[in-house]
Amino acid sequence: MGVSVDNENIVLIPGMPTFRKSLVPPLSIKLPLVVHCRRGMYILKGLFCSFCTLLMLAPTLAFIFGDPDGGRTLFEKMALLGILLYALSYAPFLSIAAAFSFWDAGLRKPALIIDTHGLLDNRSGLSVKWADVLSAKPIMGRTGYWGVSLQMREPALLPRSIRLGYPLLWRRKPGEAHIQCSFLTAPEHQIANSILTLVHRSGGQLLPAHPVFWSSVPAVVPQEKPHKE
């Protein structure tokens with residue numbers, strides 16, 4: 001006697017393209033999809049961001065203490081000032097990114113829970129229903145998917161959290177939330193496409209990602225729901 005499968009709890013997503021094949025069979029994802037943070041990767045990310053923060057602060061020390069005799073020319077002072085301003089603009093972002101990475105490394109709850117009704121992100125406190133999502137689009141990184149951007153029908157549906165945007169709350173529209181899919185226990189491709197498919201299933205619009213010069217943008221093609229047998 002076969003076991004019946006609840007087709008509502010299964011989503012079909014596009015298969016991950018490879019160098020040898022541009023078209024691969026779709027993948028079947030069983031819901032709920034519960035993923036945790038990869039602790040080691042987040043610790044390494046926190047250490048890297050901390051190191052970069054120190055590098056960004058080095059020009060500040062050089063500018064303040066590096067010329068006690070006042071021997072620098074005006075051009076050297078202007079060049080160092082430009083480097084200093086650039087470094088100080090990124091130092092806060094990198095330091096907070098390091099703090100978030102160490103925080104996520106110690107997260108005991110699942111980072112993401114995705115089911116047929118909605119999504120829960122325990123990193124930001126975001127809890128949304130798919131019916132409340134107006135549109136979704138993938139966010140691409142250098143190696144592929146970074147995450148998904150969700151545009152809510154009502155901005156009031158989002159929690160007040162400083163972790164709804166990336167990079168660190170830049171370029172976020174009212175009612176928009178960014179869901180990070182990297183460094184988790186499930187592949188970014190599966191998480192992002194599961195979110196996109198469930199948004200489309202609930203009537204939301206799928207938007208293409210912005211192309212970037214270092215990676216190709218995969219087509220956003222919603223898959224058909226499995227047929228009941």
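User: Before we turn to Glu 176, what makes a contact a salt bridge?

Analyst: A salt bridge is a side-chain nitrogen of Lys or Arg within 4 Å of a carboxyl oxygen of Asp or Glu. Please note that the model discussed here is predicted.

User: Why is Glu 176 said to have no salt bridge?

Analyst: The nearest side chain of opposite charge, Lys 137, is 5.3 Å away. The cut-off is 4 Å, so the pair does not qualify and Glu 176, although buried, has no salt bridge.

User: Which backbone atom does the side chain of Glu 176 reach?

Analyst: The side chain reaches the backbone nitrogen of Lys 173 at 2.8 Å. Glu 176 itself is found in strand 9.

User: Gln 180 lies in strand 9 as well. Why is Gln 180 called buried?

Analyst: Its relative accessibility is 11%. Buried means under 20%, so Gln 180 counts as buried. Residues that Gln 180 touches include Tyr 42, Leu 112 and Trp 146.

User: What makes the pairing of Gln 180 with Ser 182 a polar contact?

Analyst: The two side chains meet at 3.1 Å. The limit for a polar contact is 3.5 Å, so this distance falls within it.

User: How do you know that Cys 49 is not bonded to Cys 52?

Analyst: The sulfur of Cys 49 is 6.4 Å from that of Cys 52, the closest cysteine sulfur. A disulfide requires sulfur atoms within 2.5 Å, so the two are too far apart for a bond. The structure as a whole holds zero disulfides.

User: Are Cys 49 and Cys 37 buried or exposed?

Analyst: Cys 49 has a relative accessible area of 7%, and Cys 37 has a relative accessibility of 13%. Each value is under 20%, therefore both residues count as buried.

Definitions and conventions: Residues are numbered from 1 along each chain as its sequence is written. This is a predicted model: local features need pLDDT of at least 70, side-chain atom pairs count only at pLDDT 80 or more; totals for chains, interfaces and linings use all residues. Side-chain values use heavy atoms; hydrogens and water are left out. Helices (H or I, at least four residues) and strands (E, at least two) are DSSP runs, numbered from the N terminus. Buried means under 20% relative accessible area, exposed over 50%, partly exposed in between (1.4 Å probe, protein chains only). A polar contact is a pair of N or O atoms within 3.5 Å; within protein, one must be able to donate a hydrogen and the other to accept it, and residues adjacent in sequence count only if both atoms are side-chain atoms. Contact means heavy atoms within 4.5 Å. Lys and Arg count as positive and Asp and Glu as negative; His and the chain ends are not counted. Lists of a residue's contacts leave out its neighbours within four places in sequence.
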